[in-house]
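Here is a colleague's note for someone meeting this structure for the first time. Please read it beside the sequence and the model.

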Amino acid sequence: MALQRVLEPEIGESAEDADLYHAMDHTAVNQQFVDDLFSGGPVGPRVIDLGCGPGEIPILICRNADHVGLEVEVLGIDSDVEMLDIAKRELEIEGVIDRVTLQHADIKDLSCFEDGLVHTAVSNTVAHHLAEPRLLLAAAKRLAGDAGRVFVRDLYRPEDEATVEALIRAHAEGEPPSAQQLYRQSLHAALTLEEVRAIVNDLGMDAASVKMTSDRHWTLDWRGTA
């Protein structure tokens, strides 16, 4: 029988949780996310990162923008103040604090942000932490507006436990047991490709804009037509 979705606690509920997540090596997947974002279509100039965590995605967006001569302003939001504290330190170290604004906000209710606020709405591996991932995708579409771009990537839920363990061996073998368990919980909490496409279609976006982009990730890359 196919694996059923099992929710996990949202990350970063304490300073210890935030530090554990920050200590995990996400460099390669985050860089790939930003490389694919820039190679796949227009970016910005106003960008929002929904669930920015310790700030690596906004930093990499600024670096990539510099490389191609693009001016961007990034708004990073997260519901966890501990993560935002880490992000602020990282932005200062990287020298991009003047181009990235951090704001405490809950992805489950972004009504304080106006429609069409940004040109590009992004989110990386956040959806599986939410009981209702639809709220994230709906917010991204609304904030990007009718002419904007939505770029969301997350884990997919495998068909069976054997595949879960194989993915852990392939991608988290060098991590401590606590980090491996976080990864295991994340895979169980993720959506299947069919579940994501159903949500996207219900929101009025093309289901074909959701594709498997690695052995463990799906990506939604949608652009409005207005």
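**Notes on the sheet and its surroundings**

1. Asp154 stands opposite Trp218 in strand 7, and this is a convenient place to start reading the model, which is a predicted one. Strand 5 and strand 7 pair in the antiparallel sense, and seven bridges hold the pairing. On strand 6, Met212 has Trp218 of strand 7 as its bridge partner, so that Trp218 is named in both pairings.

2. Strand 7, residues 217-223, runs antiparallel to strand 6, to which three bridges join it. The connection between strand 6 and strand 7 is a hairpin, made through four residues. Because five of the seven residues of strand 7 are buried, this strand is largely enclosed by the rest of the structure.

3. Taking the sheet as a whole, seven strands form it in the order 3-2-1-4-5-7-6, and it is an open sheet with mixed pairing. Its edges are strand 3 (100-104) and strand 6 (210-212), each of which pairs on one side only. On average, and with direction ignored, neighbouring strands of the sheet are turned by 20° against each other. As general background, the strands of a sheet pair through backbone hydrogen bonds, in either a parallel or an antiparallel way.

4. Helix 2 (residues 27-39) lies across three strands, namely strand 4 (120-124), strand 5 (149-155) and strand 7, and it runs at about 155° to strand 5. A search of the whole structure finds one aromatic pair. The pair consists of Phe33 and Phe151, whose ring centres are 5.1 Å apart and whose planes meet at 65°; since planes over 60 degrees apart count as edge-to-face, the pair is of that kind. Phe33 belongs to helix 2 and Phe151 to strand 5, so the pair links distant parts of the chain, 118 residues apart. Both Phe33 and Phe151 are buried.

5. Which residues of helix 8 are buried? In this helix, residues 193-202, they are Leu193, Val196, Ile199 and Val200. Seen down the axis of helix 8, the buried residues fall within an arc of 130°, and therefore they line one face of the helix. In general, an α-helix has 3.6 residues a turn, so residues three or four places apart point the same way. The buried residues of helix 8 pack against helix 5 (133-144), strand 6 and strand 7. The face turned away from this buried side carries the exposed residues Glu194, Asn201 and Asp202. Just after helix 8 comes Gly204, which takes a positive phi of about 85°.

6. Cys112 is found in the loop between strand 3 and strand 4. Is this residue buried or exposed? Cys112 counts as exposed, because its relative accessibility is 58% and the cut-off for that label is over 50%. Between the C-alpha atoms of Cys112 and Arg184, which are 72 residues apart along the chain, the separation is 34 Å.

7. One annotation should be read with its origin in mind: UniProt, in an unreviewed entry, lists residues 46-168 under "domain: Methyltransferase". Over residues 46-168 the chain is 38% helix and 23% strand, and the C-alpha atoms at the two ends of this stretch are 36 Å apart.

Notes
Residues numbered from 1 in each chain as written. Predicted model: local features only at pLDDT ≥ 70, side-chain atom pairs only at ≥ 80, totals over all residues. Heavy atoms only, no water. Pairing = 2+ DSSP bridges. Axes fitted to C-alpha atoms, helices over the stretch in contact; angles between N-to-C directions. Contact = heavy atoms within 4.5 Å. UniProt positions renumbered as here; feature names shortened; annotations may be inferred. Buried < 20%, exposed > 50% of the residue type's maximum accessible area, 1.4 Å probe, protein only. Arc of directions from axis to C-beta. Phe/Tyr/Trp six-rings, centres within 6.5 Å; stacked < 30°, edge-to-face > 60°.
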